[in-house]
Structure formats: structure tokens, C-alpha cells
Amino acid sequence: MAYLALARKYRPQRFADMIGQEHVTRTLENAIRTDRVHHAYLFCGVRGLGKTTAARILAKALVCEQGPTPEPCNQCAQCVGVNEGRSVDVIEIDGASNNSVDDIRSLRDQVNYLPQSARRKIYIIDEVHMLTQQAFNALLKTLEEPPPHVTFMFATTDPHKVIPTILSRVSRLDYRRVRAATLVPYLQQILTQEQFSVEPEGLTVIARCGDGSVRDSLTLLDKVIAFAQDPTQIKTDEVLAVLGQAGRFSIAQLLQAVLDRDAAQVLARFEALTAVGSDLMQLAVAILQHLRDLTVVRLTGSRAALLDMSDDLYDQLVAQAQAVEPSVIAQHFDRFARVVDNLENSRVPRLVIEMGLLELCNAEPLIPLGDLVARLDALAAGRGGGGFG
């Protein structure tokens, strides 16, 4: 049997299996339980958060032979048909390739026909923002007054491209990026089922690289497993090597050299980071992330916003934060943020980052305007007193 990617193998089949989107799943479950299901839903959010998955689960919940039920059985003919993509009454449409006005007119003509075997007819349109203006207009009347047996479900990564007249006719549900602190236990659960193992710090790196996307995190985990010499004991170094990521301790050491104003050490540590193949853009963002974490610790003294950080790294962060003023950290962040902005269009990104780090080493702290005015006033008062004395 062909290998099934983790993102497909562990695709949620029930609302309870989805992580990080409780505000969405609870809304849909309550709507089914109280018989208040809207005739059209719009699922919005970045890729890999479960928009189409939730639409399929909702479709199963509505057509399940045991339902309508908040938890589809996944065993009856209707649920199995949806799972296998062969249900004649749950129609999935790719908005990117079926975006013309003729496609929507054809859909509009079919809507009035009763479902063949299920209690409802459901249309799931993925990437709905790809529809043309004419296609959206052709859908308006049907969406406003659909037949009682029809439910529409739209998914989009760019809701701003959906015209306002469509938005006003749907129930919109916005998905949120999943925190690394939520992703790590989820990935660990999957690794346990697959009988693999990744060191905790390596698993945190995977979750952070997934950037809040469950599917992207699982894809990265697949990549790490394929790369590892022994998938049952995957080391953090292997994760960093295959993903081109710099370890957070290494970033902390680089920033310590910056704060110590040791240019030679900065260049040496930067060379060590790039020698292992770290992606330059990811490295630059990691430096900004560390400066942000320093500011949080220095100003709040709290760990609440640093949930995905090890104890050792947190202790090092606290020590760094206590030795520098918040204004200096903020100035470093502002200066290096401009470096990051210039990276994408640069032909020599390595040199841009090196010069940015050296500038941080050599830059003198800026004096706040209020302090400068106070100093000038004091000087003026001193001179005035001396002149009349």
C-alpha cells in the first residue's frame, strides 16, 4: 500500500479531533444541537488550519443516518461516502478552477433538485475568493434565498477578496493560528502512535516552523522523520539540520555577543549558525523573536507569553534581560527590523544581516527626547546663573 502522509492519515474526522479551533467547533456543534444551522457558512483563515476539514465534518453531521448530530458516526453509508469523496449529495467544488459565471449558473440550476439519498444537499466551495465578480453576482440570489434542503459552505484564505454582498449573506467563522504550546502535545501524540520519538526541543522547533498551521507542522514532521538516521530517537540537531533552523540557544549566544558589543564574537557565532545551513530569513526572524522575548521578560517579569520555551533557555533570557535597559532592546529591535525588511529584495542577504548585526554592536543608545530637553534646560540654567553671578 502506498505511504499516506501524516497530514492525510490524521485528518480529523470529528469536531473533537480538531485542535486550536474550539471557538469554531463549539459554534457548529451548538448550531446542530439546537437546530440553528445557518444556510451558508464562510470559513476564513490561513492554510492548514482545518477549514475544509470542518466543512466536511459539518456535512457529515448534517447527512449522517444517525443525525443530524454534533458527532457523525463515520460508519453509515452517508458518512463513508463523504469520507471517500463519492457522496452524490455532498459536492466539493474547487473555486480556483470553477470560477466562471457559467460554472456558477450550472450550480444554480442544480440547487433546486432534491438530494438523491441524503436528507440535505451540501455544496462545499474551496478558495471561494477565486470566483470572478460575475460569478459572485450570479450566486447572490440563490445564496439569499436558497431552497430549504441546501446548505452552502465556503472556505477561503483571503476573505477580503469576497465581495461585501456575499459576506452579508453568510455566517463567518474565523480560524486562528495554533500556538506552538498546543501543537507540541498534538505532534507528540501522533509520534507515539507511529512509534517514533523526537527530543522535546526538536519538537518545539517543528511546531514553531509550522507557523501555527497544523498541516504545515505535520508536513515538516514527515520531512524530519524521513531525514532522521533513527526515527525512533530523532535528535534536535537533526531537526535543525533538515529544517535549516538555528537553535534558540545559539541565537541567545549571538545576541549576547551583540549586547557585549563584541564584534569579533558576533561574526564568529553568525558564521557557526550559517555553516549548518540555517535559512537566512528564518535566522533574521529568530533574532527579532529573541529581542521581542527579551523585552517581554524585562518589562513584565512573566513567563506567560513564553509558554513554548525550555527552563534553561528562560533562565538565560532572564539573565540577559536584567543586564540591559528596555529602551536599548527596543532600539535594537527597530534597527534590525529594517534589516529584515530589506532582506527579501537583496542579492546578498548574508552581507545585509552581518552589517545589521555589526551596526547593533557599534550603535550608541539613543537618548530619549525628554531626557535631552531636560539636559539642555539644565545646561542653559547653569550658564545663565554663571553669567549673572
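Trainee: Are Tyr123 and Phe152 buried or exposed?

Mentor: Both Tyr123 and Phe152 are buried in this predicted model.

Trainee: How do I read the pair of rings formed by Tyr123 and Phe152?

Mentor: Two numbers do the job: a pair of aromatic rings is described by the distance of the centres and the angle of the planes. For Tyr123 and Phe152, the centres are 5.7 Å apart and the planes meet at 25°, so this pair is stacked. Tyr123 sits in strand β3 and Phe152 in strand β4 (residues 150-156), so the pair links distant parts of the chain, 29 residues apart.

Trainee: How many aromatic pairs does a search of the whole structure find?

Mentor: The search finds 4. One of them joins Tyr41 and Phe43, stacked at 6.2 Å centre to centre with 15° between the planes. Tyr41 has 3% relative accessibility and counts as buried; Phe43, at 0%, counts as buried too. Together with Tyr175, Tyr41 and Phe43 form one aromatic cluster.

Trainee: Which residues touch the most other members of the largest nonpolar core?

Mentor: Phe43 turns up again here, along with Leu58, Met153 and Ile206, in a core of 52 residues. Helix α3 gives the largest share, 8 residues. A second, separate core has 31 residues, including Leu273 and Ile287.

Trainee: And at what angle do helices α12 and α14 pack?

Mentor: The angle is about 70°, with the axes 10 Å apart, and α12 and α14 are therefore roughly perpendicular to each other. Ile287 of α14 is among the residues making this contact, as is Leu255 of α12. By class, the contact has 10 nonpolar, 1 polar and 2 charged residues.

Conventions:
Residues are numbered from 1 along each chain as its sequence is written. This is a predicted model: local features need pLDDT of at least 70, side-chain atom pairs count only at pLDDT 80 or more; totals for chains, interfaces and linings use all residues. Side-chain values use heavy atoms; hydrogens and water are left out. A nonpolar core is a set of buried Ala, Val, Leu, Ile, Met, Phe, Trp, Tyr and Cys residues joined through side-chain atoms within 4.5 Å. Buried means under 20% relative accessible area, exposed over 50%, partly exposed in between (1.4 Å probe, protein chains only). Helices (H or I, at least four residues) and strands (E, at least two) are DSSP runs, numbered from the N terminus. Axes are lines fitted to C-alpha atoms, for helices over the stretch in contact, and angles run from 0 to 180 degrees between N-to-C directions. Angles under 35 degrees count as roughly parallel, over 145 as roughly antiparallel, 65 to 115 as roughly perpendicular and the rest as oblique. Contact means heavy atoms within 4.5 Å. Ala, Val, Leu, Ile, Met, Phe, Trp, Tyr, Cys and Pro count as nonpolar, Asp, Glu, Lys and Arg as charged, and the others, Gly among them, as polar. Rings of Phe, Tyr and Trp (its six-membered ring) pair if their centres lie within 6.5 Å; planes under 30 degrees apart count as stacked, over 60 as edge-to-face and the rest as tilted.
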